[in-house]
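This report goes through selected features of one protein structure. Please keep the sequence and the 3D view at hand while reading.

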Amino acid sequence: TKPKAAIAHHDYITKVQQYLSLPSKDKKLAQMLQNLKWVPTEDVKHKNADSRLDSMSYDGCKPDETYLIQYTSGATGIPKPVIVTAGSAAHNVRTARKAYDLHPNSVIVSWLPQYHDCGLMFLLLTIVSGATCVLTSPAAFVNRPRLWIELITQFKATCTPVPSFTLPLVVKRGGVETGSSPINLWSLRNLIIINEPIYKASVEEFLHVFKPFGLNRSSISPSYGLAENCTFVSTAWRNDDNSGNSCFPVFPSHNKLLPIARLASEEEEEDMDIIVVNEHTHEPVDDGIEGEIWVSSPSNASGYLGHPFLTQDIFKGRLSNKVSRCFVRTGDIGIVKGEERFLFVTGRCAEVIKLPNGQDIHPHYIETAAYNSCPQFIRGGCLAAFDVSRMIVLVAEMQRSEKDNKILRNICERIRENVFENEKVDVGMVVLVKSGSVPKTTSGKIKRWAAKHDFLGGKMNALMELKFDNNGGFLRSSNGRGSYGEGEEGRAVIAEEKEEVVYSLSSAPWLARL
């Protein structure tokens, strides 16, 4: 991005200076850091950063001027810098404020980091709506998940945005019955769930656990967004919706998932046009058929900084054989169902696994079935499924480093059996790895492309690798890392797959979302 200045805490600036004094520093990075003007946050607070500022007038960004360079998360490829103008940001904040009915009496609780696009968005929403925002750090939440519901209780929060993994994590580690402080969630009007896919079962489980503490099911707000549309795109229903959609006795669902938008209403979102198209022909698909989600709105970002060809491909999507406005191609796969035309995000174009029978499956279904086979041993949200030369590989993090081979082998067998029983999919190899081995984005999403790359390169901290034949028998089992691809045939497979991974790294055609 070639920045000219950086605002940071004094302690951080001191550490940067210490790094610059090291003999073993990265010379290119060091040069960039030295060229920056470093401004301590204390100086900004006390307005003594630069004496010339007092005599300067600043009227803010014009609508078409760049307001922010916002990086995609890197869930499906190397993070890319998105150019957001002041006009698109203003439209996005206005649309999100209206969707969640935020006003001066609203109280927002958030542990999302401010370098996360949704974390930043809710700071802007706080300012624009005149609301109150209570912040804590992601580390504080992960270390003690109960903190989140304690803050909602203490400050009578009306709104809180969280990634979908939050709900099962709080149910499992929230210490609902063990905490000393009381829990009361009656004030909550918008429990905003981001990071698709959003599983109905985990939401229902969370509602069941916290209903005795005042949680209303009408507060559940499954939502959708992406960096290429500034942040916000849609929410499935609104708390003040007169149609009663926010108070379903049974939430609408498709293939275990909750919807993230309702397309039946022409006024559902301000100027937000969402369509589902065939990703190859660029023609709209009928309801009930999966396709790529495209979004057109004044919130659309301008493109990727320094990537003109990718910008043209992603931000200038047009329907074939039809004069239409430009759409952002999200890279997400969606399907529209029912009279209300609910939109469900089912997966990502770049991650679809092609099965031997010609059908497609999204990897999160395999990962969910695998986790449910042994939840007492496997870390939730820390699994990655991908295909290697038409063989499905499932990598799963263990909660602890188990050394008993019989237990490890049994876990691998149960994973394969449960995936087949629930999804009718044969897993060819199960790899159990140490905690922290599966790559993730800063927002906690699985980087399956990076997991595949590490697997092919023998970089996984494997505790057990078990390869199955078509009948479920063992072809090979091993402990430790790097055993995949032994022999000439294995090396040839690795070479072929590495070439594919390197191509995906360089072109990175599909995008990362919230």
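The text below covers two sheets, several salt bridges and three helix pairs.

**The five-stranded sheet**

The model is predicted, not experimental. One of its sheets is open and has five strands, arranged in the order β11-β16-β15-β13-β12 with antiparallel pairing. Its edges are β11, residues 261-262, and β12, residues 273-277, and each of these two strands pairs on one side only. Strands of a sheet are held to each other by backbone hydrogen bonds, and they may pair in a parallel or an antiparallel way.

Within this sheet, strand β13 covers residues 291-296 and strand β15 covers residues 328-337; the two run antiparallel and are joined by four bridges. Glu292 has Ile333 of β15 opposite to it.

Glu292 also takes part in a salt bridge: its partner is Arg329, with the closest N and O atoms 3.5 Å apart. Since Arg329 belongs to strand β15 and Glu292 to strand β13, this pair ties together parts that are 37 residues apart in sequence. Are Arg329 and Glu292 buried or exposed? Both residues are buried.

**Other salt bridges**

Over the whole structure, a search finds 16 salt bridges. One of them involves the edge strand β12 and links Asp273 to Arg325, the closest N and O atoms being 4.0 Å apart. Asp273 is in strand β12, whereas Arg325 is in the loop between α10 (308-315) and β15, so the salt bridge connects parts that are 52 residues apart in sequence. Asp273 is partly exposed, at a relative accessible area of 26%. Arg325 is also partly exposed, with a relative accessibility of 45%. These two values lie in the range for partly exposed residues because buried means under 20% and exposed means over 50%.

A further salt bridge pairs Arg348 with Glu351, where the closest N and O atoms are 3.4 Å apart. Arg348 and Glu351 are both buried. Which residues are joined with Arg348 into one network by salt bridges that share partners? They are Glu351, Glu367 and Arg448.

**The three-stranded sheet and Thr85**

A second open sheet has three strands in the order β3-β4-β14, again with antiparallel pairing. The edge strands here are β3, residues 66-71, and β14, residues 303-304, each pairing on one side only. Five bridges connect β3 and β4. One bridge partner pair is Ile69 with Ile83 in β4.

Thr85 is located in strand β4, which spans residues 81-85. With a relative accessible area of 12%, Thr85 is buried, because the cut-off for a buried residue is under 20%. Leaving aside residues up to four places away in sequence, Thr85 touches Pro63, Asp64, Glu65, Thr66, Tyr67 and Ser302.

**Helix pairs**

The table lists the geometry of three pairs of helices.

| Helix pair | Residues | Axis distance | Angle |
|---|---|---|---|
| α1 and α2 | 10-20 and 27-35 | within 10 Å | roughly 135 degrees |
| α8 and α9 | 166-173 and 200-210 | within 9 Å | roughly 40 degrees |
| α11 and α12 | 363-373 and 405-423 | 8 Å | about 125 degrees |

For α1 and α2, the crossing angle of roughly 135 degrees makes the two helices oblique to each other. The crossing of α1 past α2 is left-handed. On the α1 side the contact is formed by Val16, Tyr19 and Leu20, and on the α2 side by Leu29, Ala30, Leu33 and Gln34.

How do α8 and α9 lie at an angle of roughly 40 degrees? Helix α8 is oblique to α9, and α8 passes α9 in a left-handed crossing. From α8, the residues Leu167, Pro168, Val170 and Val171 meet Ser202, Val203, Glu205, Phe206, Val209 and Phe210 of α9.

The helices α11 and α12 pack at about 125 degrees and are likewise oblique to each other. Here α11 passes α12 in a right-handed crossing. Their contact involves Tyr365, Ile366, Ala369, Ala370, Asn372 and Ser373 of α11, together with Arg414, Ile415, Asn418, Val419, Asn422 and Glu423 of α12.

Note on methods:
Residues numbered from 1 in each chain as written. Predicted model: local features only at pLDDT ≥ 70, side-chain atom pairs only at ≥ 80, totals over all residues. Heavy atoms only, no water. Pairing = 2+ DSSP bridges. Salt bridge = Lys/Arg side-chain N within 4 Å of Asp/Glu carboxyl O. Buried < 20%, exposed > 50% of the residue type's maximum accessible area, 1.4 Å probe, protein only. Axes fitted to C-alpha atoms, helices over the stretch in contact; angles between N-to-C directions. Parallel < 35°, antiparallel > 145°, perpendicular 65-115°, else oblique. Left-handed = near helix turned anticlockwise from the far one by under 90°. Contact = heavy atoms within 4.5 Å.
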